[in-house]
Amino acid sequence: MSQQSRPPHQATFAGPPGASRTGTDRLAAPAPAPAPAPAPAPAPAPAATPNRDVPPEPATMFLMVGLPGAGKTTRAEELAAAHRALRLTPDEWMIPLFDGSQPDGKRDLLEGRLIALALQALRLGVDVVLDFGLWSRDERSALRWLAASAGAASHVVYLPVDRDAQLARITHRWATAPHTTFPMSVADIDTWRGQFQAPDAAELGGDVPGPPPGWRGWWEWAVDRWPSLAHGRAVEGRGRDRPAGG
């Protein structure tokens, strides 16, 4: 009697109800997890608003002090570039305006207008480099007072130079770039060295004294020294506070 053939043995499937069964006892692969929803885009940052409670930094007037040949204009150019400042050098105006000459009184008139321009720039928050030389302490004190009246700071930049170096630089400039300067004799240079008042430690430290005797204030002194400074501006009580006949 022939032996009845039997189907191959199948192992018992112990998977959860409803899971598929196969003759080779393979488990069904689980369904892939759903992709996560994209994260919401971050909200844009609010626009920065200026802090109106913090006052802006005051502008600064740099006062270049020194004799011809001291290197003032070179240093002034460096300061102007570093501070994005307005540089005012009278020689650069005098030479083209007056054909290389120095007519009497014209320089004072020009400087007065440049000072007025400097004060306007300071009030707008623009730094200024005043490349005047400023041989006298009274000139420097008046300009520092004017800067403060415009709400600005001031800083004296003093460049000393000895006589031999000064003569060599002036001679070299006249030989190589005469269109940038004026003729100067040795006698002129010696006279100017005697007139120059070098800043002392107190002045370099920021000290601004009162005006010379007989003046109500530095404004009155300044418009007497640079008459065109007051052009277009009414000045009450201008002049010396001296008794009649004094």
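A pocket is an open set of grid points with protein on both sides within 12 Å along at least five of seven lines, and its lining residues have an atom within 4 Å of a point. In the present model, which is predicted, the largest pocket is lined by 39 residues. Those nearest its centre are Pro68, Lys72, Asp91, Arg107 and Phe132. Five elements give two or more residues each to this lining, namely helix 1 (72-83), helix 2 (91-97), helix 3 (106-123), strand 3 (128-133) and helix 5 (163-176). The space in the largest pocket amounts to about 1000 Å³. Its lining is made up of 14 nonpolar, eleven polar and 14 charged residues.

The largest nonpolar core contains 38 residues. Within this core, the most other members are touched by Met61, Ile115, Leu122, Leu130, Leu143 and Leu229. At least two core residues come from each of strand 1 (60-65), helix 2, helix 3, strand 3, helix 4 (137-149) and helix 8 (218-225). Helix 3 provides the largest share, with eight residues. For Ile115, contacts beyond four places in sequence are made with Leu130, Phe132, Leu143, Leu146, Trp226 and Leu229. A second core, separate from the largest one, comprises eleven residues, among them Met64, Ala85, Leu159 and Val161. In soluble globular proteins, nonpolar side chains tend to be buried together.

Strand 3 contributes both to the lining of the largest pocket and to the largest nonpolar core. Six of the six residues of strand 3 are buried, so this strand is largely enclosed by the rest of the structure. Burial extends to both of its faces, with Val128, Leu130 and Phe132 on one side and Val129, Asp131 and Gly133 on the other. Strand 3 pairs with strand 1 in the parallel sense, over four bridges, and Val128 of strand 3 stands opposite Met61. Strand 2 (residues 86-88) also runs parallel to strand 3 and is joined to it by three bridges. In this second pairing, Leu130 of strand 3 is the bridge partner of Leu88.

Thr60 belongs to strand 1. The relative accessible area of Thr60 is 16%, and the residue is therefore buried, the cut-off being under 20%. Leaving aside residues up to four places away in sequence, Thr60 touches Leu122, Asp127, Val128, Ala153, Ser154 and His155. One of these contacts, Val128, is among the buried residues of strand 3, and another, Leu122, is listed with the residues that touch the most other members of the largest core.

Positive phi values in residues other than glycine occur at Arg84 and Leu134. For Arg84, which is placed in the loop between helix 1 and strand 2, phi is near 50°. For Leu134, in the loop between strand 3 and helix 4, phi is likewise near 50°. Arg84 has a relative accessible area of 76% and is therefore exposed, the cut-off being over 50%. Leu134, by contrast, has a relative accessible area of 3% and is buried.

Note on methods
Residues numbered from 1 in each chain as written. Predicted model: local features only at pLDDT ≥ 70, side-chain atom pairs only at ≥ 80, totals over all residues. Heavy atoms only, no water. 1 Å grid on protein atoms, 1.4 Å probe; cavity = no way out; pocket = protein on both sides within 12 Å on 5 of 7 lines; lining within 4 Å. Points joined across faces, edges and corners; volume = space filled by probe spheres on them. Nonpolar A, V, L, I, M, F, W, Y, C, P; charged D, E, K, R; others polar. Core = buried A, V, L, I, M, F, W, Y, C linked by side-chain atoms within 4.5 Å. Buried < 20%, exposed > 50% of the residue type's maximum accessible area, 1.4 Å probe, protein only. Contact = heavy atoms within 4.5 Å. Pairing = 2+ DSSP bridges.
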